[in-house]
Each structure stands twice: as C-alpha cells, then as structure tokens.
Amino acid sequence: MFKRIVDGFQVLVALAAAVTVVLLVTVSPTVAEVDTPDVSAGAELFASNCSGCHGPEGEGGLGPALAGGLESFEAVEDVARFVSSGVPGRMPGFETRMTPDQVNAVAQFIWTDLAGR
Amino acid sequence: MTAATETTEGILWKALLLGGAVAVAAGVYGSVHDPAGQQTISLFFSNTLSFKAWTTTLILLFALFQLYSAMRMWGKMSFPRQLPSWFGDAHRLSGTLAFALSLPVAFHCLWAIGFEPDMSELRRFAHSLMGCLFYGAFAAKVTLVRSHGGPSWGLPVIGGVVFTALVAIWLSSSLWFFSNFGFPGI
C-alpha cells in the first residue's frame, strides 16, 4: 500500500516537473497597471517588480539596498536610466516591461521615498 | 531476434549524458532568459526569498534522511538492525518530496533571477553552478536507479554529488539569507 502511494506520488511530481518547465518558457513577467506616474504609482510598481530582489522596503536582498543609498547616482534621471537598461546578468532592464512614465514613477519613488534624496 | 541489452558502461554513459544535458539546459535557460525580477510563490512567508530559504532547509533535511537511509540500505550503517519493509519506500518518498519542494525554488531562481556568470560575484556564481549541477546529477541518479545495471559505484558517487551540490546550494542561499536577514527571517 505504502509503495503504491509513493509510486503515485512520483508520477504526480514528474508531472509537476513537466509543468514547471512549461511555465518557465511560457510565463511572462507581469507589470502593475497604473494611470498616473506619481510616487504612489511608483510604490506600487516597486512592490510588484523590484521588491523581490531589493526587499519590500528597499533594504536589499539578492540585489543591493536602495534605502538610504544610491550614492553612485547624481540625479533621479540616472536612476530611471538604470531601471530602464538594467545590468546584463545581474538586473533585468524594464524598458520593455514598463512605459517611460512607469519607469520615471518607480525611479522617483526609489529616489525620494527609499533613498531620501 | 535477440533483445538488445545495455552494457554497464552504456547505462552509465546514458545517465551522464542525460544529466549533463539537464544541467546545461538549466544553465542556458538561466543565461538567455530575461530575468523577471519578480516575486513568485511565498505561501505564508513575508516574501519569496524567505520561502526559498526555509524550503531549501526542509529539502536539506529530506536529503539528510536520504543519505542516512541510503547508507543503511547499502550496509554502511547498522541502525536499525532489522530493516523495516517500508524502509526503501521511505527512502524514495523522501527523495521525491525533496525534488517536489525544489521545483518552486528553482522556478524563482531561473525565471526571476537567472544564471550569474560573473565569477567575481562568487556566492551567486557558485550558487548558479551548483543549482545546475544538482538537477543534472539528480537526473543522472534517477536514470541509473531506473536502468538497473549501472556500475555498483555509480549510485553512491552520483548520489554523493547530488547531496554535495545541495549542501553547497544551502550554504550559498539559506545560510546567507539567515546570516544577512536574521533568523528565522520569516
């Protein structure tokens, strides 16, 4: 009986592995829809696109901390350019996933609310 | 007509080639796929990273049972003295559970983050490499188990590679997470 349960479970897990592979090649990133590019919209965009790596409060994680930082940037426009282009192999670029207004909104949120600049 | 029988070397090569293909496929996907940079599953954890750190820890516990039960079945340990009839199935179940739990973790690694090619980012680079090695070695191990007839040293060696890769994965992810974000970091 136990053997049959394990056999059945292995079949289910094999199917789950196949589904995972299919999802890897079919699922596209989602982008939160916003109407106006302001800081609150930037917060929403940050939560859905950036917090996975930079932390919910910008405290860092897989990516570097943003809160109270960004010394290497001189202006919010630099942040927007960075968000847009990304860094190959390290951070995805968002120019194909967000409109320019959305990129500006999330950059503004990072610059003012998180970095306090 | 005579049925074709696979040689010991043939079975080993089949397992190694399949495992190599899986490892390379994971690495290529992680390199060419544009990382989504988004959270995926987090269950009752505060974020996906916390979910992954704890799930990988659970996988490591299952892997430790795999190691122990395999050593007992191969006669390298003597406890319990009498093997219960369900022991082999418990070994299979623990391995299956470990693999099942690894799927959402690997999905986030590959889909949202991708392969780190920069060797100066040693932790991320080693983690990427070990992740690919883990799935490649796992595929080779399953192929050997299912093929019946590989070399006697094949399973212990490839099983050891799977376990070693998993320990390296845990050290470069879960331990790093608990060290940097505090324990339990839920």
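Student: What percentage of the 186 residues in chain B do buried residues make up?
Tutor: Buried residues account for 40% of the 186 residues in chain B, and please keep in mind from the start that this is a predicted model.

Student: OK, and what is the secondary structure of chain B?
Tutor: Chain B has 5 helices and 0 strands, so if you read along its sequence, the pattern you meet is α-α-α-α-α.

Student: How do helix α2 and helix α3 of chain B sit, then, I mean at what angle do their axes cross?
Tutor: Helix α2 of chain B, residues 48-73, and helix α3 of chain B, residues 87-113, have axes that cross at roughly 155° and come within 9 Å. Because angles over 145 degrees count as roughly antiparallel, α2(B) is roughly antiparallel to α3(B).

Student: Is that crossing left-handed or right-handed?
Tutor: The crossing in which α2(B) passes α3(B) is left-handed.

Student: And how many residues of that contact are nonpolar, polar or charged?
Tutor: In the contact of α2(B) with α3(B), 13 residues are nonpolar, 11 are polar and 1 is charged.

Student: Switching to chain A: how many helices and strands are there?
Tutor: Chain A has 5 helices and 0 strands, and along the sequence it follows the pattern α-α-α-α-α.

Student: What radius of gyration does chain A have, next to a compact globule of 117 residues?
Tutor: Chain A has a radius of gyration of 19 Å, whereas a compact globule of 117 residues would have one near 13 Å. The C-alpha atoms of chain A fill a box of roughly 65 × 25 × 25 Å along the principal axes, and buried residues make up 30% of the 117 residues in this chain.

Student: What box do the C-alpha atoms of chain B fill?
Tutor: For chain B, the box taken along the principal axes is roughly 55 × 40 × 30 Å.

Student: Now the place where the chains touch: how many residues does the contact take from each chain?
Tutor: The contact takes 25 residues from chain A and 26 residues from chain B. On the side of chain A that touches chain B, at least two residues each come from α1 (2-26), α2 (39-49) and α3 (51-54) of chain A.

Student: Which of them gives the most?
Tutor: That is α1(A), which gives the most to the side of chain A that touches chain B, with 11 residues. Sorted by kind, the residues on that side of chain A are 16 nonpolar, 8 polar and 1 charged.

How values were computed
Residues numbered from 1 in each chain as written. Chains lettered and ligands numbered in written order. Predicted model: local features only at pLDDT ≥ 70, side-chain atom pairs only at ≥ 80, totals over all residues. Helix = DSSP H or I, 4+ residues; strand = E, 2+ residues; numbered from the N terminus. Rg over C-alpha atoms; globule rule 2.2 N^0.38 Å. Buried ≥ 20, exposed ≤ 12 C-beta atoms within 10 Å, placed from the backbone. Axes fitted to C-alpha atoms, helices over the stretch in contact; angles between N-to-C directions. Parallel < 35°, antiparallel > 145°, perpendicular 65-115°, else oblique. Left-handed = near helix turned anticlockwise from the far one by under 90°. Nonpolar A, V, L, I, M, F, W, Y, C, P; charged D, E, K, R; others polar. Contact = placed C-beta atoms within 7 Å.
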